[in-house]
Amino acid sequence: MKFTERFNEILKQSGKTQVEIANALNITKQCVNDYKTGKSVPSIETLYNLCKFLDVLADYLLGLTDY
């Protein structure tokens, strides 16, 4: 899934930890791990907050654009 690949790429580039993301988005570390492994995808609200926190476009994370 494109989201999983791109989420992992952005995580690596950002230098943020799963715990930092979980705390900032008020979700569990397990939830972040599930996004990393492709077990689940974020809700629309969480995706919005994730994009703001990581400074990335949702279209990129979802595979709709390549930038």
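Select C31 first. At 23% relative accessibility, C31 counts as partly exposed, because the buried class ends under 20% and the exposed class begins over 50%. The model on screen is a predicted one.

Keep C31 selected and show its sulfur. C31 takes part in no disulfide. The nearest cysteine sulfur belongs to C51, and it is 15 Å away. A disulfide would need the two sulfur atoms within 2.5 Å.

Now go to that second cysteine, C51. Is C51 buried or exposed? At 8% relative accessibility, C51 counts as buried. Like C31, C51 is in no disulfide, and its nearest cysteine sulfur is that of C31, 15 Å away. The count of disulfides comes to zero.

Return to C31 and show its backbone nitrogen. The side chain of T28 reaches this nitrogen at 3.0 Å. Select T28 next. Where is T28 found? T28 sits in the loop that runs between α2 (18-25) and α3 (29-37). To place T28 against a later part of the chain, add P42 to the selection. P42 and T28 are 14 residues apart along the chain, and 12 Å separates their C-alpha atoms.

From the loop, step back to the helix before it. Select α2, residues 18-25, together with helix α4, residues 44-54. These two helices pack at an angle of about 120°, and their axes are 10 Å apart. That angle makes α2 oblique to α4. Turn the view until one helix lies in front of the other: the crossing of α2 and α4 is right-handed.

The last stop is a charged pair. How many salt bridges does a search of the whole structure find? The search finds one. Select D66 and R6 to see a salt bridge between their side chains, with N to O at 2.7 Å. D66 lies in the segment after α5 (58-61), while R6 is in helix α1 (residues 2-14), so the pair ties together parts that are 60 residues apart in sequence. Side chains of opposite charge can pair when their charged atoms come close.

Show the surface while D66 and R6 are still selected. Which of the two partners is buried, and which is exposed? D66 counts as exposed, at 64% relative accessibility. R6 counts as buried, at 7% relative accessibility. The salt bridge therefore joins an exposed residue, D66, to a buried one, R6.

How values were computed. Residues are numbered from 1 along each chain as its sequence is written. This is a predicted model: local features need pLDDT of at least 70, side-chain atom pairs count only at pLDDT 80 or more; totals for chains, interfaces and linings use all residues. Side-chain values use heavy atoms; hydrogens and water are left out. Helices (H or I, at least four residues) and strands (E, at least two) are DSSP runs, numbered from the N terminus. A polar contact is a pair of N or O atoms within 3.5 Å; within protein, one must be able to donate a hydrogen and the other to accept it, and residues adjacent in sequence count only if both atoms are side-chain atoms. A salt bridge is a side-chain nitrogen of Lys or Arg within 4 Å of a carboxyl oxygen of Asp or Glu. Buried means under 20% relative accessible area, exposed over 50%, partly exposed in between (1.4 Å probe, protein chains only). Axes are lines fitted to C-alpha atoms, for helices over the stretch in contact, and angles run from 0 to 180 degrees between N-to-C directions. Angles under 35 degrees count as roughly parallel, over 145 as roughly antiparallel, 65 to 115 as roughly perpendicular and the rest as oblique. A crossing is left-handed if the near helix is turned anticlockwise from the far one by less than a right angle, and right-handed if clockwise.
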